[in-house]
Structures are given as C-alpha cells and as structure tokens.
Amino acid sequence: MKNEVKIHEVNPLLSDRRSFLKISGLTLVSTGLLLAGCSHDDNEDMPIDDTSLPGIRNGVFDLGSGDFGVLTYAYALEQLEADFYTKVVNASSFNSVFNDIEKQVLTDLYHHEVIHRDFFKAALSGALPKPSTQLLPSLAFNYGAMNFNSRTEVLATAKALEDTGVAAYNGAGKLIKSADYLVLAGKIVSVEARHASAIRSLINPNSKDFAGDDVVNATTGLDVAKDPSKILAVAGGFITTPFTAKYLP
Amino acid sequence: MNILKFIETFADESAMRSTGSRRDSFTQFGNIGKTLAIASIPFGLSSLANKALAKDITATPATPIGALQFALTLEYLENEFYAMALDHGVIPASENGGRDLKVFQQIAAHESSHVKFLIAGLGGPASANFVPKPTFDFTVGGTFDPFNDYPTFLALAQAFEDTGVRAYKGQAGNLISTPDLLTAALQIHSVEARHASEVRRLRGLKGWINGNERGTGMPVETQAVYNGEELTVQAGYNTATLFGASAGSEAYDEPLTTQQVVDIANLFIV
C-alpha cells in the first residue's frame with residue numbers, strides 16, 4: 001500500500017496513538033495528525049522515476065522513497081527528538097525538577113539528538129540532487145498540554161520518543177539500499193536504544209524495564225520494528241507541519 | 001515475507017530439526033528471502049566449525065549465513081557467561097536493592113532467546129549451516145575471576161554487551177540482500193544496546209561510549225572493544241562541531257569488523 005498519512009487512514013491506528021499519548025502522560029494533542037493537508041492527495045500525476053526524491057508534490061512535501069526517502073524520514077524523526085530535548089533542557093524548572101544524574105542524561109540526549117538532526121541535514125544537503133527543493137524543511141511541533149516542568153511527563157515522553165526511534169530505525173533498515181547508509185543508520189539506532197534504556201531505567205530503576213517485555217519479545221528476544229506509516233501515525237501527533245510519506249511502506 | 005511469519009517459521013524448531021540435508025535447509029532459507037537463494041552458502045562450514053570447536057574461531061564469510069553463524073557464536077558466549085554467573089550466584093541478591101539481579105536475569109533470558117532464535121534461523125542443529133558452541137574460558141587462563149568477583153563480572157558484562165552492539169552493526173552489510181534477516185539482526189542489535197546501556201549505568205558510567213574510553217575499572221584487555229569509537233566525522237559531517245568531541249563520539253556507535261570481533265572473542269575461547 002502506498003503510504004499516505006492523512007486522517008482517514010490514521011483512524012484505525014488511534015488506539016496506538018492513544019496509548020502513546022497515555023504513556024507520554026499527555027492530554028490529547030489538538031493539532032491532530034494533519035500530516036497531509038492537501039485535497040489532491042489521490043493524484044498520481046508524478047512521474048514514477050521521481051518518487052524516490054523528496055519534495056513538494058501536489059502542494060505538500062512528500063518524503064519520497066528509497067534511500068533518500070528513508071534518510072528524510074529519519075531527518076523528520078530526529079528533528080522531533082532534537083526539538084523535544086531542546087525544550088526540555090531550556091524549561092524554566094529544568095535545574096530544580098531533575099536530579100544531577102537525570103540532568104546529565106537529558107543534556108546528553110539533547111546533544112546527541114541535535115547532532116543527529118544536523119548530521120541528516122548536512123548529509124541530505126550533500127547527497128540530494130537539488131537540496132533547495134528536496135531537503136525537508138524545518139518542521140514545527142506542538143506538544144499539546146504537555147508540561148515541560150513535570151519530571152513525570154518529560155521522562156514518559158522521552159521514553160516514548162526513544163522507543164519509537166528504535167522501532168523506526170529497526171523497521172527502516174531493510175528499506176535502505178546503500179550499505180554505507182545502512183551502517184550510518186545502525187550507528188545511530190544503537191545510541192537511540194542506549195537512550196531508551198537509560199530513560200526507562202531513570203523512570204523505574206529497580207526493574208527489568210530497561211529492556212522490558214513491553215519492547216523486547218520475551219520469546220524471541222527481539223526488539224520492536226515498525227514501518228514508517230505506523231511510526232508517523234504516532235509521532236506525527238507532535239508534528240504540525242504537513243507532509244506526506246506516500247512512497248514509504 | 002512478513003517478519004512475524006518469519007519468526008513463526010523460526011519458532012517451529014521441530015520442523016527445522018527435521019531438515020536433515022543441506023538442500024532442505026537451503027530450500028527453507030529460500031522461503032525466507034528470495035535473494036538469499038543467490039547468496040553463496042559455502043560448503044565445508046561444518047568442518048570449519050569442527051576446527052573452531054577444537055580451538056579458536058575464525059572469521060565467518062561475508063554472507064547472510066555467515067553473519068548468522070557469527071552472531072550465534074557471540075550469543076553462545078553471552079548466554080553461557082550469564083547462565084554461569086547466575087548459577088554461581090556471583091550477582092549479590094541485595095545489590096542495589098535487588099536491581100542488579102533483576103537486570104541480569106532479564107539479560108540472560110534475552111541471550112538465551114537469541115541463541116534459540118539463531119539456531120532455528122540456521123535450520124536447527126542438524127543443518128549443515130549450524131555451528132556448535134565453542135568451549136569458553138571466561139577466566140582467560142586465570143586472569144579474571146568473573147564468577148567469584150562481582151566487579152569483574154560486571155566489567156566483562158559491559159565488554160560483551162558493547163562488543164555485541166559493534167559486532168551486529170558490522171554484520172549489517174552482509175545482510176543487506178536478505179531484508180527479513182537484516183530486520184531480525186537489527187532487532188537483536190538494539191536489544192544488545194539496551195543491555196549495554198544498563199550494564200554501563202550499573203557500573204556508574206554513562207550508557208553511551210565517550211571517545212574510545214573503556215571506562216573506570218575496565219581491564220586493559222578490553223580496550224579493543226572501544227578502539228575506534230572516538231570517530232567524530234560521519235559521512236563528512238564533523239559531529240564535534242556543536243558540542244565537542246565527547247558528545248560527537250557518544251552520538252554514534254561504531255561497527256567492528258568480523259575479524260576484530262573474532263580476535264576479541266578468541267580471548268575467551270579455548
């Protein structure tokens with residue numbers, strides 16, 4: 001199925017989104033999943049050979065497919081993570097709400113995710129044939145009623161974002177054709193998994209939650225892997241800039 | 001093929017065991033990913049394995065099957081290490097209010113699952129692609145005492161988990177032609193990273209690797225696990241620009257080649 005993230009396709013996944021928001025300790029994000037605000041979504045008038053390239057299609061930015069599509073998708077997710085932690089470390093009560101270890105972890109995550117974001121921007125700018133129109137713009141985000149001065153809400157959202165990042169990279173690996181890009185994604189996903197583990201351990205230290213049965217299958221020992229459409233249906237709740245991912249699974 | 005179906009196929013170990021001939025197991029792999037059918041599965045791997053059983057392991061071929069065989073050997077190592085630690089009771093039940101024991105029971109359970117998963121993936125113990133468990137000496141000829149000395153156990157656990165992360169990453173390229181195997185390997189890879197982060201944090205370190213530092217209390221013999229992690233240029237982008245070299249190197253984990261991992265693992269294989 002060509003992935004077209006828009007509201008009527010997102011509906012079947014609302015339970016996922018609700019549980020995500022519940023996990024995050026968030027109230028409903030009112031901006032919804034307006035990833036595609038275009039009324040001409042069903043037009044298939046783009047030349048087939050162009051679908052691998054990100055860019056504006058029918059008035060809305062589409063992530064494309066293939067390696068450029070996957071890298072642009074990763075860039076979108078890293079933009080979200082970087083924006084979230086930037087807000088976390090700049091929140092007015094950051095220094096009083098979190099203890100020293102928590103501040104260290106969250107500051108490190110802020111650094112790592114901003115580095116990942118800027119890395120993708122630089123890599124895509126260098127690799128895309130025409131970055132002026134093909135580079136995903138800086139996205140805007142809305143976290144609804146989330147309180148960035150609440151330890152519980154920040155850590156719960158961080159956990160959801162990091163677990164989502166792991167599942168996203170795990171699911172996207174098979175879509176990458178270049179061995180170099182695959183290794184680059186691999187270099188990042190394990191750091192996301194280290195983050196997820198640390199955040200989970202901050203939330204519930206005296207437990208097996210760092211690699212809990214909710215994310216690591218107790219029979220196979222395998223972590224979660226999800227297709228872009230599943231990830232965007234969830235993470236897209238925070239992203240207010242419209243875009244589509246019609247050519248990613 | 002859907003990954004869940006793939007897992008179900010793997011989970012049916014009895015069916016896998018019934019495949020006696022190499023041709024049969026080859027056919028089963030053909031069902032997993034059509035591209036695997038053209039990947040070369042070298043003859044004589046079982047004789048290689050017999051040699052490995054007698055002494056050191058050697059680098060597996062750069063093929064999907066080779067990657068799975070290589071992964072299985074590493075999982076054998078981790079699985080036996082944690083099983084022995086739990087058997088010997090080296091992890092104090094009271095450590096951190098019981099946290100450490102819960103952590104290592106969970107890690108041990110995952111490594112055991114990985115061993116079973118990979119054996120099934122290779123077609124079961126009767127398959128020509130199967131590789132047997134080497135003989136491990138976690139004392140490295142008496143250098144270490146991990147099953148009586150808890151700090152030593154923790155240090156080796158950190159080394160094995162950080163090695164696991166780098167080892168799986170280094171095999172990704174060998175699995176690029178077999179999407180379902182690649183996905184499964186990535187799903188193990190991130191679990192190893194979750195483990196590594198927690199073990200490091202139990203030892204008072206950050207969950208991520210700063211430069212090529214093995215960290216306080218790590219034996220010098222483990223330095224090979226961390227060499228090369230200090231990289232701060234990724235695809236031409238300088239990751240140290242924004243926040244310095246520490247953050248830049250932490251933000252990326254680096255792969256190890258098959259031979260580099262083999263050299264580390266052979267320290268513990270007799």
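Colleague: Two strands pair if DSSP finds at least two bridges between them. With that settled, which strand does β2 of chain A join through two bridges?
Modeller: Strand β2 (residues 60-62) of chain A is joined to β3(A), and the two run parallel. The model is predicted, with local features needing pLDDT of at least 70 and side-chain atom pairs pLDDT 80 or more, while totals for chains, interfaces and linings use all residues. Residues are numbered from 1 along each chain as its sequence is written, chains are lettered from A and ligands numbered from 1 in the order written.

Colleague: And what is the bridge partner of A:Phe61 in β3(A)?
Modeller: A:Phe61 is partnered by A:Phe243.

Colleague: In what order do the strands of the chain A sheet lie?
Modeller: The order is β1-β2-β3, in an open sheet of three strands with mixed pairing. Both β1 (55-57) and β3 (243-244) of chain A are edge strands with a single partner, so one side of each has no neighbour in the sheet.

Colleague: How many helices does chain A have?
Modeller: Chain A has nine helices alongside three strands, counted as DSSP runs (H or I, at least four residues; E, at least two) numbered from the N terminus. From that end the elements read α-α-β-β-α-α-α-α-α-α-α-β.

Colleague: Turning to chain B, at what angle do α8(A) and α8(B) pack?
Modeller: Helix α8 of chain A (residues 179-203) and helix α8 of chain B (residues 179-202) pack at about 50°, their axes 8 Å apart. The angle therefore makes α8(A) oblique to α8(B), a class left over after under 35 degrees (roughly parallel), over 145 (roughly antiparallel) and 65 to 115 (roughly perpendicular). Axes are lines fitted to C-alpha atoms over the stretch in contact, with angles from 0 to 180 degrees between N-to-C directions.
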